[in-house]
Amino acid sequence: LLDYMEERIHKILSFLQEIEKYKTVERKMYSSNLKRTESDAEHSWHVAMFLFLFEKELPNLDMNKMLKLALMHDLVEIYAGDTFAFDKKNQATKKEREFESSKKLFSQLPEDLNNEFTDLFNEYEDVKTSEAKIVKSFDKIQPILQNLCSEGKSWKEHGITFSDINDYKRKHMEHNNFILEIYEKLLNDAKKRKLI
């Protein structure tokens, strides 16, 4: 039993060291000081905070599961890298690259956690459960908020238009009227401020 526990602790601590790299995966969105882009870890923390803060407006959902989904949804990018939403070339191979990365990353965990992470990752990718849909929505909303915090610097740099954003993101909002309201509010704020 002691050996089993020692091995389990060793694997979990090794995994925690490995996923520290998450902090170094850079995204295209700028942080509010405009000096650097945000990391995947910062993005996931922000998505988790959306869930936490809107919990009362999203009743009858498994908050524990949603926070887990938020914290781990992009972990595979440690190996696959972040794929910019509007990068058509890399979007074509994203699913495959991330699936391979998920196997490589999660297999470093004890078996039960490997299974849990794999199930969560698949649930997020399949976007069939209410929880996965909500997390996916906030994952798509967070970069809009981030651009509001950073004067639309990323949109301007990449020539992103209102319709680019709406064509890509709106479909992820239509499952829930409250989410759609937040999305439209942020996008309209960006338009009013002439950030897009």
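This is a short tour of the structure in your viewer, stop by stop.

Before you click, know that this is a predicted model: local features need pLDDT of at least 70, side-chain atom pairs count only at pLDDT 80 or more, and totals for chains, interfaces and linings use all residues. Residues are numbered from 1 along each chain as its sequence is written, and side-chain values use heavy atoms, with hydrogens and water left out.

**Stop one: helix α5**

Select residues 88-106, which make up helix α5. Helices here are DSSP runs of H or I with at least four residues, strands are runs of E with at least two, and both are numbered from the N terminus. The expected span of a helix is 1.5 Å times one less than its number of residues. With 19 residues, α5 should span 27 Å, and that agrees with its end C-alpha atoms, which are 27 Å apart.

Now pick K94, where α5 bends by about 50 degrees. That bend is the angle between axes fitted to the seven residues ending there and the seven starting there.

Which residues of α5 are buried? Colour E98, S101, S102, L105 and F106 to see them. Buried means under 20% relative accessible area, exposed means over 50%, and partly exposed is in between (1.4 Å probe, protein chains only). Show α1 (2-18), α3 (63-72), α4 (77-80) and α6 (111-126) too, since they are among what covers those buried residues. Contact here means heavy atoms within 4.5 Å.

**Stop two: helix α3**

Move on to α3, where M63, M66, L69, A70 and M72 are buried. Their cover includes α2 (40-53), α5, α6 and α7 (130-149). At the start of α3, zoom in on D62: one of its side-chain oxygens reaches to within 3.2 Å of the backbone nitrogen of N64.

Stay in α3 and select K68 together with E116 in helix α6. They form a salt bridge, with the closest N and O atoms 2.7 Å apart. A salt bridge is a side-chain nitrogen of Lys or Arg within 4 Å of a carboxyl oxygen of Asp or Glu. K68 is partly exposed at 34% relative accessibility, and E116 is partly exposed too, at 29%.

**Stop three: the hairpin**

Select residues 26-30 (β1) and 37-39 (β2): these strands run antiparallel, joined by 2 bridges. Two strands pair if DSSP finds at least two bridges between them. What stands opposite Y30 in β2? Click across and you find T37. The hairpin has 6 residues between the strands, and there L34 takes a positive phi near 65 degrees.

Just along the chain, find K21 in the loop between α1 and β1. The side chains of K21 and E18 are joined by a polar contact of 3.0 Å. A polar contact is a pair of N or O atoms within 3.5 Å; within protein, one must be able to donate a hydrogen and the other to accept it, and residues adjacent in sequence count only if both atoms are side-chain atoms.

**Last stop: more salt bridges**

How many salt bridges does the structure hold? There are 16. Try E151 and R193, which meet at 3.5 Å, N to O. E151 lies in the loop between α7 and α8 (153-158) and R193 in the segment after α10 (177-192), so the pair ties together parts 42 residues apart in sequence. Finish with E174 and R170, whose closest N and O atoms are 3.3 Å apart. Then select R27, E38 and D82, which salt bridges with shared partners join into one network.
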